[in-house]
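Please open the model in your viewer and keep the selection tool at hand. The stops below are meant to be visited in order.

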There are 2 protein chains.
Amino acid sequence: MPPPPAARAKVLQAFTDLLVTSGERSATLDAVADHAGVSKGGLLYHFGSKDALVDGLVEHLTALIAADVAAMRAAPEGPVYYLLRTSSDVGNEFDRTYLAVAELARGAYPRARSALDAAEQAWTDTVAEQVGDAALARTVVLLSDGIYHRASLGAAPPPLEELLALVERLRRPAAS
Amino acid sequence: MPPPPAARAKVLQAFTDLLVTSGERSATLDAVADHAGVSKGGLLYHFGSKDALVDGLVEHLTALIAADVAAMRAAPEGPVYYLLRTSSDVGNEFDRTYLAVAELARGAYPRARSALDAAEQAWTDTVAEQVGDAALARTVVLLSDGIYHRASLGAAPPPLEELLALVERLRRPAAS
DNA sequence: GTCTATATGGTGATAGAC
DNA sequence: GTCTATCACCATATAGAC
């Protein structure tokens with residue numbers, strides 16, 4: 001099979017950038033094409049409509065989620081540390097794609113929510129497997145959501161160390 | 001002074017409803033006017049432009065924030081319980097207005113962020129006053145942000161009791 | 001494959017009747 | 001004060017040249 005055209009990846013990257021930094025309203029086809037270095041006509045050759053562009057990004061996120069959950073399960077420091085650590089890291093591809101799809105989910109593309117719900121469920125299950133406490137698992141994922149909330153508003157992430165310290169205290173109930 | 005026209009409040013309420021339930025894209029002047037039961041011309045008599053409409057909503061939130069912080073300080077159960085409890089309550093006017101302004105902050109209205117930043121700071125300070133632990137205060141507000149994150153995506157809020165129980169364990173380090 | 005037009009629909013804003 | 005036109009502009013999408 002022929003290699004996928006490099007322009008596709010460039011377009012998805014530009015779409016993600018605009019969604020994260022300037023919101024859904026700014027991520028027009030014109031702006032995406034400009035930012036990707038192609039013309040609008042060229043963009044619409046690879047993605048036949050804006051809906052197809054959204055689908056492309058959602059599918060990309062779905063693949064990244066599967067990879068992230070696998071990495072979470074394999075992480076030597078455990079799922080909790082892995083989740084909170086990667087939640088603070090808004091620079092990498094996965095977190096940027098997550099934020100971009102969350103932007104779409106809030107807007108006129110409700111089907112983008114399915115991918116986000118799947119991620120939440122997979123994270124919660126994986127954390128619960130390790131800590132053996134469903135309530136703590138939900139809380140940890142909720143903290144991760146809070147970090148995303150701030151990032152989606154453009155605020156700086158909180159210091160990671162103090163969060164991990166607090167979670168650690170909850171995992172060992174003071175050896176009562 | 002003459003009483004403020006009732007149409008103003010109706011328009012702000014309709015604007016809030018549309019932002020929360022359908023996102024910024026859907027909150028057009030046409031839609032807001034329809035939902036408020038006035039014509040677009042009538043809306044533009046009270047708010048001379050869409051920017052003026054946004055300013056009106058942000059000022060409304062600023063007043064609600066001041067009232068909320070005062071209620072938080074006066075709450076018999078303490079700021080922590082008050083914050084987490086009210087964060088789960090997405091139905092009341094304050095939380096709906098907060099979600100609506102957050103929607104604007106993510107879109108093309110960055111000045112809406114100032115009001116949100118002020119709220120976060122006031123909440124953190126007030127919680128820190130009570131728990132005497134800056135890191136725990138930041139964590140509690142972060143949990144509150146996580147609840148808002150889910151609400152902004154249309155998901156159900158998490159069970160409140162288990163969150164409060166976990167916070168309580170952190171406030172009393174097992175009496176070591 | 002990628003580009004330059006261009007058609008079509010919707011959004012913010014204005015003018016003027018009532 | 002509130003309404004009904006109406007305008008100018010921008011976004012998506014299409015047609016067809018290169």
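Leaving aside its neighbours within four places in sequence, which residues is B:F15 in contact with? Select B:F15 in this predicted model, and then add B:A27, B:V32, B:L53 and B:L57, which are the residues in contact with B:F15 once neighbours within four places in sequence are left aside.

Next, widen the view to the largest nonpolar core, which has 94 residues and in which A:F15, A:V101, B:F15, B:V101 and B:V140 are those with the most contacts. Selecting residues 134–152 of chain B shows helix α8, which gives the most to this core, with nine residues. As background, nonpolar side chains in soluble globular proteins tend to be buried together.

Stay on helix α8 of chain B and pick out B:A151, which lies in that helix. Is B:A151 buried or exposed? B:A151 is buried, because 22 other C-beta atoms lie within 10 Å, and 20 or more are needed for a residue to count as buried. Leaving aside neighbours within four places in sequence, B:A151 is in contact with B:V90, B:L99 and B:P157. If you then select B:D68 as well, you will find that B:A151 and B:D68 are 83 residues apart in sequence and 19 Å apart in space, taken from C-alpha to C-alpha.

Now turn to the contact between the two protein chains, which takes 36 residues from chain A and 36 residues from chain B. On the chain A side, select α6 (93–106), α7 (112–131), α8 (134–152) and α9 (160–171), each of which supplies at least two residues of the side that touches chain B. Among these, α8(A) gives the most, with 13 residues. By class, this side of chain A has 17 nonpolar, nine polar and ten charged residues.

The next stop is DNA strand C, where A:S39, A:G41, A:G42, A:Y45 and B:T28 come nearest of the 16 residues around the strand. The elements giving two or more residues to this surface are α3 (40–46) of chain A together with α2 (29–36) and α3 (40–46) of chain B, and α3(A) gives the most, with four residues.

Finally, select DNA strand D, around which there are 18 residues, with A:T28, A:K50, B:S39, B:G41 and B:G42 coming nearest. Here the largest share of the surface, five residues, comes from α3(B). By class, the surface near DNA strand D has six nonpolar, seven polar and five charged residues.

Definitions and conventions
Residues numbered from 1 in each chain as written. Chains lettered and ligands numbered in written order. Predicted model: local features only at pLDDT ≥ 70, side-chain atom pairs only at ≥ 80, totals over all residues. Near = placed C-beta within 6 Å. Contact = placed C-beta atoms within 7 Å. Nonpolar A, V, L, I, M, F, W, Y, C, P; charged D, E, K, R; others polar. Core = buried A, V, L, I, M, F, W, Y, C linked by C-beta atoms within 7 Å. Buried ≥ 20, exposed ≤ 12 C-beta atoms within 10 Å, placed from the backbone.
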